[in-house]
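Hi! Could you open the structure and keep it beside you while you read? I've jotted down some points on its pockets and its ligand.

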Amino acid sequence: MASANLNIMIKAARKAGRSLVKDFREVENLQVSVKGAGDFVSRADREAERIIKEELRTARPNYGWIGEETGEEAGEDPTRRWIVDPLDGTTNFLHGLPHWAVSIALEHKGEIVAAVVFDAAKDEMFTAERGDGAFLNDRRIRVSGRRQMIESIFATGVPFGGRGTLPATIRDLSRLMPVTAGVRRWGAAALDLAYVACGRFDGYWERGINSWDVAAGILLVKEAGGFVEPIRSEESVIESGNIIAANAQLFEGFAEIIRSRD
Ligand code: LIP
């Protein structure tokens, strides 16, 4: 039975999703325009965050907020905040690729306690509340049962545009590719984690990812029986943006590869 907060999050995600699906149809027409879809997608992104913020802050005016487009705002209740990416997979959306999601997390005293990742293009609603399990369209989900790395596939984000994490990620790939069934770079961290939670991917890692990209997905994986840790044990995933996630059987070996420095 979903809590009142989770129902509020689902309602907000669906309302933003309807707006994004409408805009996504227009983006596909813009691919051929000289100006391109860039400004249009920025507006779609901001409109989705406006919709979500209006829904959540009307229902819970005292909670804090951090959103990709509008930044951070403290709430009267210092223990609770929304962590929101209105459009995770922005570059996919911009290029007319139907793989993006609305990500909404509720944090309480530093722990994620409720999560929604909504893939509006495929109508897949991933939800979780701490201690109550993870669900896809109201059906219980679990991480994969694979035990062998060589049978498993992993997702990640490969840095672009001169980001400093590229050398380490290239090193990760050179170590993983020979001992796994492959790596996928699908461009939406929230869905990468949701796919680990439902067993489509066996693990995921990324370096330098934003809190709003992964906050909801972290709870999905944990509530589906998976493990999530920072790359460096002294860090926090949310603060550092360095994350490793996998099912219980694979996690130790996978994390050892990602954490080896030499
Ligand atoms: C994206 C992440 C993805 C990462 C991209 C980008 P955005 O988030 O979901 O995993 O590799 O660099 O950060 O920008 O689409 O919200």
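Here are my notes, starting with the pockets and ending with the ligand.

1. A quick reminder before you start: this is a predicted model. Please keep that in mind whenever you quote a number from it.

2. Let's begin with the largest pocket, which has a volume of about 390 Å³. It is lined by 23 residues, and those closest to its centre are Asp88, Phe160, Arg163, Gly187 and Asp213. Try clicking on these five to find the spot.

3. Which helices and strands help to build that lining? Strand 3 (80-88), helix 3 (90-94) and helix 5 (189-197) each give at least two residues to the lining of the largest pocket. On the scale of whole domains, domain 1 (4-140) and domain 2 (149-259) each contribute at least three residues to this lining.

4. What sort of residues line the largest pocket? Sorted by class, there are nine charged, nine polar and five nonpolar residues in the lining.

5. Now for the second largest pocket, with about 280 Å³ of space. Here 16 residues form the lining, and Gly110, Glu111, Ile218, Lys222 and Ile238 are the closest to the centre. By class, the lining of this second largest pocket has seven nonpolar, seven charged and two polar residues.

6. Where does the second largest pocket sit? Domain 1 (4-140) and domain 2 (149-259) both supply lining residues, so this pocket lies between them. Strand 5 (111-119), helix 6 (211-223), strand 12 (227-230) and helix 7 (237-240) each bring at least two residues to its lining. Helix 6 makes the largest share, with four residues.

7. On to the ligand, which has 16 residues around it. Asp88, Gly89, Thr90, Ala189 and Glu206 are the closest. Look back at point 2 and you'll meet Asp88 again, since that residue is also among the closest to the centre of the largest pocket.

8. Which atoms face the ligand's oxygen atoms? For Thr90, a backbone N or O atom is 2.7 Å from an oxygen atom of the ligand. With Ala189, a polar backbone atom lies 2.7 Å from a ligand oxygen. Asp213 uses its side chain instead: a polar atom there is 3.4 Å from an oxygen atom of the ligand. As for cover, the ligand on its own has 380 Å² of accessible area, and the protein covers 90% of it.

Technical notes:
Residues are numbered from 1 along each chain as its sequence is written. This is a predicted model: local features need pLDDT of at least 70, side-chain atom pairs count only at pLDDT 80 or more; totals for chains, interfaces and linings use all residues. Side-chain values use heavy atoms; hydrogens and water are left out. On a 1 Å grid over the protein atoms alone, a cavity is a set of points where a 1.4 Å probe fits but cannot get out, and a pocket is an open set with protein on both sides within 12 Å along at least five of seven lines; lining residues have an atom within 4 Å of a point. Grid points are joined across faces, edges and corners, and a volume is the space filled by probe spheres set on the points. Ala, Val, Leu, Ile, Met, Phe, Trp, Tyr, Cys and Pro count as nonpolar, Asp, Glu, Lys and Arg as charged, and the others, Gly among them, as polar. Domain bounds come from an automatic or database domain assignment. A residue is near a molecule or strand if one of its heavy atoms lies within 4 Å of it. A polar contact is a pair of N or O atoms within 3.5 Å; within protein, one must be able to donate a hydrogen and the other to accept it, and residues adjacent in sequence count only if both atoms are side-chain atoms. Accessible areas come from the Shrake-Rupley method with a 1.4 Å probe; for residues, only the protein chains shown count as cover.
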